There are 2 protein chains.
Amino acid sequence: MNDALAGNAIRVERPTKTLRELALDKVRDAIVDGYFRPGDRLVERDLCARLGVSRTIVREVLRHLESEGLVANLPNKGPIVARLDLNEAKQIYEIRGALEGMAARLCAERNDSTVVAALEASLEGIRQSYAAKDMPAVLNHTSAFYQTLFTKVDRHVAWGVVSLLTVRINHLRSMTIKTRNRDVEGPAQMERIVEAIRKGDGEAAYTAALDHVARASVIAEAVLSAQQTGD
Amino acid sequence: MNDALAGNAIRVERPTKTLRELALDKVRDAIVDGYFRPGDRLVERDLCARLGVSRTIVREVLRHLESEGLVANLPNKGPIVARLDLNEAKQIYEIRGALEGMAARLCAERNDSTVVAALEASLEGIRQSYAAKDMPAVLNHTSAFYQTLFTKVDRHVAWGVVSLLTVRINHLRSMTIKTRNRDVEGPAQMERIVEAIRKGDGEAAYTAALDHVARASVIAEAVLSAQQTGD
DNA sequence: GGTTATATACTGGTACGCCATAATACGGCA
DNA sequence: TGCCGTATTATGGCGTACCAGTATATAACC
């Protein structure tokens with residue numbers, strides 16, 4: 001979220017991405033996508049070899065991920081992929097509910113037709129992705145939906161918070177959307193949000209957003225406890 | 001907050017605190033306490049000398065603070081202390097309102113007398129600190145008040161989010177509490193929160209918490225715009 | 001005077017080395 | 001045989017030196 005400061009004119013396409021940022025994204029994706037499992041040790045020198053960068057970079061990346069909550073540091077042991085416990089996951093869903101509800105209410109009160117259009121577009125993308133069973137695309141469109149909710153009313157900070165928290169429950173998200181009937185239930189709940197925004201009913205939009213997240217939380221809880229008894 | 005920057009006498013105890021964590025706290029405090037002003041450049045090798053640590057540590061600390069939002073990185077220029085604009089500050093207050101309102105409601109619904117007792121204790125501390133004109137103590141007790149609100153209902157994640165955001169507006173906080181009549185108004189609003197929690201009235205607690213933050217936001221806005229026209 | 005060369009200062013990035021600690025393997029001694 | 005102290009290894013914590021690229025200030029040159 002630190003782009004959009006460029007202001008460049010005809011500058012040749014030099015990606016100002018530093019090596020560190022590239023490495024950061026790589027490792028984060030590796031964790032989020034499940035390539036590294038929770039509890040896995042992240043050995044510095046090992047990561048250096050795998051990423052092809054120096055230890056300095058790796059250390060900085062690990063520190064960054066640590067402050068994002070994706071990596072935990074055990075004293076005298078070193079960094080591991082953070083474990084997610086049920087309680088923490090529920091808290092994250094709760095916070096998302098509060099913030100997404102807030103954003104939905106603001107959207108409804110703004111009464112801007114482009115908001116509704118953008119949300120509908122994302123929703124349509126979700127439905128199509130469900131139909132095509134393209135689950136990564138479902139997640140992306142869902143994120144886009146919520147991003148619209150926040151950024152259309154200029155709540156970039158809140159969106160940042162939500163994004164930060166969301167990566168920590170990413171693997172839960174990818175499981176909740178696969179549960180039975182979620183392909184119908186999920187979009188229907190989101191449609192309720194859009195409908196309330198279209199009508200300018202802030203309270204209804206708030207409640208609908210809250211409901212949607214609450215439902216996701218319940219599913220996640222079931223998934224997580226099933227997972228824990230499973231292994 | 002002890003000795004370290006100039007003195008070397010830390011031989012006896014160092015339980016698990018790494019040098020990096022010490023440096024991190026030092027630099028963060030330096031920013032939060034206004035020793036480094038917004039826009040100040042944070043020259044790596046300069047910080048090395050001041051802190052007495054290597055560039056490795058300084059780089060990791062800067063990266064950490066960057067992800068906390070306290071430090072911004074200009075491409076090819078280097079890190080500076082992040083500037084806080086009015087819009088961002090208002091968003092932070094808004095988020096705090098949503099989360100603190102949520103926590104207050106949960107406290108009210110829990111109906112636990114120890115919560116009320118702890119909140120009253122912090123509130124009394126605030127009043128006494130105001131009477132003694134000890135502004136840092138006011139801030140500390142205020143933080144303790146909110147920490148109680150969150151942790152007594154086991155919302156540690158939300159408290160983490162609020163803490164993270166709060167450091168970014170710390171200098172605003174220290175100015176808002178000094179405004180006229182805030183020594184009476186602030187505690188009175190907080191008392192309303194406590195009162196609602198005591199009665200178990202979740203909705204009232206939510207509203208009271210929201211009002212308190214909203215009022216702080218308005219004051220902060222006035223302070224900030226006055227500051228900007230001032231210089 | 002204006003343009004250009006140059007010095008300076010800084011970050012981004014890398015390599016390498018040292019030390020401290022924890023775990024593990026090993027070898028000697030009762 | 002079994003226990004205990006030590007050597008080894010793995011790894012993180014930390015420091016230093018170095019190179020490259022860039023931006024800014026400064027001096028030199030036409």
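A charge is taken to sit over a ring when NZ of Lys or CZ of Arg is within 6 Å of the ring centre and within 35 degrees of the ring normal. In this predicted model, A:Arg105 fits that description: it lies over the face of A:Tyr206, at 4.3 Å from the ring centre. Chain B has its own version, with the charged end of B:Arg105 over the ring of B:Tyr206, again 4.3 Å from the centre.

As for how the two chains relate, two copies of a chain are linked by a rotation about an axis plus a shift along it. Here, a turn of 180° with a shift of 0.0 Å along the axis lays chain A on chain B, and the RMSD comes out at 0.1 Å. That is what a two-fold axis does. The contact surface tells a matching story: 90% of the interface residues of chain A are also interface residues in chain B, so the copies meet through the same surface.

Turning to the rings, a search of the whole structure picks up 6 aromatic pairs over all chains. One of them joins B:Tyr35 and B:Phe36, edge-to-face, with 5.4 Å from centre to centre and 65° between the planes. The partners sit in quite distinct settings. B:Tyr35 has 60% relative accessibility and therefore counts as exposed, whereas B:Phe36, at 10%, counts as buried. Another edge-to-face pair is made by B:Phe145 and B:Tyr146, whose centres are 5.3 Å apart and whose planes make an angle of 85°. In this pair both residues, B:Phe145 and B:Tyr146, are buried.

How values were computed
Residues numbered from 1 in each chain as written. Chains lettered and ligands numbered in written order. Predicted model: local features only at pLDDT ≥ 70, side-chain atom pairs only at ≥ 80, totals over all residues. Heavy atoms only, no water. Least-squares fit on C-alpha atoms with pLDDT ≥ 70 in both. Contact = heavy atoms within 4.5 Å. Phe/Tyr/Trp six-rings, centres within 6.5 Å; stacked < 30°, edge-to-face > 60°. Buried < 20%, exposed > 50% of the residue type's maximum accessible area, 1.4 Å probe, protein only.
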